[in-house]
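Work through the exercises below with the sequence and the model side by side. Try each task before reading its solution.

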Amino acid sequence: MFFKKENTSSPEKGKVIGVRLSAPGPRLFSESSEASYEAAITASVDDLSRQLEKRKAKMKTH
């Protein structure tokens, strides 16, 4: 998990979270920029969850 603060002109963005997840197959990565770190973590975890669901669906068909 990577935390970064960017200087932006928009107060709604600026706190950046990047999450890299190692699992069987290619690595999953998600990054989001929000007003707070908590909101950015939530958005990144939701994105990773969707990616895992897709991967799981593909694995079931084989």
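Three exercises with solutions follow, on the sheet, a turn and the nonpolar core.

The model is predicted: local features need pLDDT of at least 70, side-chain atom pairs count only at pLDDT 80 or more, and totals for chains, interfaces and linings use all residues. Residues are numbered from 1 along each chain as its sequence is written, and side-chain values use heavy atoms, with hydrogens and water left out.

**Exercise 1.** Determine the strand order of the open sheet and which strands stand at its edges.

Solution. Step 1: strands are DSSP runs of E with at least two residues, numbered from the N terminus (helices are runs of H or I with at least four). Two strands pair if DSSP finds at least two bridges between them.

Step 2: β1 and β2 pair antiparallel over four bridges. Strand β2 (residues 15-21) is joined to β3 by seven bridges, again in the antiparallel sense.

Step 3: the order is therefore β1-β2-β3 in an open sheet of three strands. β1 (2-5) and β3 (28-34) each have a single partner strand, so one side of each is left without a neighbour in the sheet. Neighbouring strands are turned by 15° against each other on average, direction ignored (axes are lines fitted to C-alpha atoms; angles run from 0 to 180 degrees between N-to-C directions).

Step 4: to check the register, start at Gly18 in β2, the bridge partner of Phe2. In β3, Gly18 has Glu31 as its bridge partner. Val16 stands opposite Ser33 in β3.

**Exercise 2.** Describe Gly25: is this residue buried or exposed?

Solution. Step 1: β2 and β3 form a hairpin with six residues between them, and Gly25 in the turn has a positive phi of about 100°.

Step 2: Gly25 counts as exposed because its relative accessibility is 58% (buried means under 20%, exposed over 50%, partly exposed in between; 1.4 Å probe, protein chains only).

Step 3: the C-alpha atoms of Gly25 and Arg55 are 9.1 Å apart, with 30 residues of separation along the chain.

**Exercise 3.** Which residues form the largest nonpolar core?

Solution. Step 1: a nonpolar core is a set of buried Ala, Val, Leu, Ile, Met, Phe, Trp, Tyr and Cys residues joined through side-chain atoms within 4.5 Å.

Step 2: the five residues are Ile17, Val19, Leu28, Ala40 and Leu48. At least two of them come from β2 and at least two from α1 (37-61).
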